Amino acid sequence: MKDFDAIIVGTGQAGPPLAGRLTAAGMSVAIIERKHVGGTCVNTGCMPTKALVASAYAAHLTRRASDFGIELEGVPTVDMPKVMARSHQVTLNARKNNRDWLQSMEKCRLIEGHARFESRHVIRVGEELLRAPRIFLNVGGGAAIPDFPGVDQVPYLTNSSIVLLERVPRHLVIVGGSYIGLEFAQMYRRFGAEVTVIEKGERLIGREDHDVSDAIREILEAEGIQVRIGAECIRLEPHPDGVAVGVDCSEGAPTIIGSDVLMATGRRPNTDDLGLDTAGVEVDDHGYIKIGDDLATTAEGIWALGDCNGKGAFTHTAYNDFEIVAANLLDGEDRRVSDRILGYALYIDPPLGRVGMTEAQALKAGKKVLVGRRPMSRVGRAIEKGETQGFMKIVADADTRQILGAAILGTGGDEAIHGVLDIMNAGATVDALRWAVPIHPTVSELWPTVISEMSPP
């Protein structure tokens, strides 16, 4: 039995910085990783996918070169092994940096293997037993595969395996029309694949407002991506040309034949093989670890951070979980998950930057709202770049003038949304943006105009 002041299970975005804070405070820390250091973001999420998105954008821009007065000789081609090698190198570099960082920390020991609770404060990794009064679970999540008929009879890709694929599929069928699926849809269309997106719901990315969802569908279809919604009875079976995916939509062919299938049907927490019941750690019906507003689990001395707690499926929310725990344990603060204003992005091109409530959520909550909207075709920066798809939108409380939420579907939207996010975190009203003097030419310079034109929906 080896004793530590703290044990961290998982080296995702919350784990290494927490190890850094704890060791800096003089604690001994064991941090356990069963696969690759860096977690989802580094290995199968943000870093490899956004590197691929960058290559796909380069291919798209090359095809558009003449629009900008640039003439290229010959037909541009995609060298997929080189594209993938570049993406993989980004991952390898980040993985090494994380490993080097952990191994450079005094009083921190990196242990590789599968962690499982032996008791509330004892964890087994292989033949080794570790004990600590404080245990932090940062175990992340993986692809959720629904029990569709025939799913066990066909080969399929997930977000983890497709980022290693060194070829362009002839026809990529993506089951799931939400954030992960749509990023890969546009990416592989730009690499040269035929792409069909199959969504069970009535529209793409159903959590967004209808106008956002409809605009995204228009953007994807304009690039030749086929979208099938209302696929109530999805089923899969082997086919001589790959995989047959049954959709049973009200319009179009009842079956789509793809060379490859990507299952992008959501995520599940990696909590089923940790022995959580042995430690008294409770989970909900979906396997997410139950936590309080301070990220403490139902077992004293155990916290859950990141994707496994169901309070945010993003790298930045996992990092914020670390900040909350560290501030409360080491700095005497009283920070809460419920204080977090959620922002996120969808990395299609143009990207969607989002923060706070949607218009539909605000109305459902009984808010009296004002809405401002401006198409990107009337934004100078978008016109100058030749990227005028999408729009920007802001929702405010009509009585208090507090910003409730905003969306920027347009060039630079993933960056420009931070101006709204910062104002919301500062607790300022929408007029703080209205009175600002933004830089020209930028996307953000349109907020004063959009706000001045707000009206009831």
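The following exchange introduces the sheet and the nonpolar cores of a predicted model.

Local features need pLDDT of at least 70 and side-chain atom pairs count only at pLDDT 80 or more, while totals for chains, interfaces and linings use all residues. Residues are numbered from 1 along each chain as its sequence is written, and side-chain values use heavy atoms, with hydrogens and water left out.

Colleague: In what order do the five strands form the open sheet?
Modeller: Strands here are DSSP runs of E, at least two residues long, numbered from the N terminus, and two of them pair if DSSP finds at least two bridges between them. The pairing in this sheet is parallel, and β4 (108-112) and β18 (302-304) are the edge strands, each pairing on one side only. The order is β4-β3-β2-β8-β18.

Colleague: Which residue in β8 stands opposite Val9?
Modeller: Strand β2 (residues 6-9) runs parallel to strand β8 (residues 134-137), and four bridges join them. Opposite Val9 stands Leu137.

Colleague: Which residues touch the most other members of the largest nonpolar core?
Modeller: A nonpolar core is a set of buried Ala, Val, Leu, Ile, Met, Phe, Trp, Tyr and Cys residues joined through side-chain atoms within 4.5 Å, where buried means under 20% relative accessible area (1.4 Å probe, protein chains only). Leaving aside neighbours within four places in sequence, Phe136 has contacts (heavy atoms within 4.5 Å) that include Ile7, Leu18 and Trp303. Of the 48 residues in this core, those touching the most other members are Ile7, Ile32, Ile123 and Phe136.

Notes. Buried < 20%, exposed > 50% of the residue type's maximum accessible area, 1.4 Å probe, protein only.
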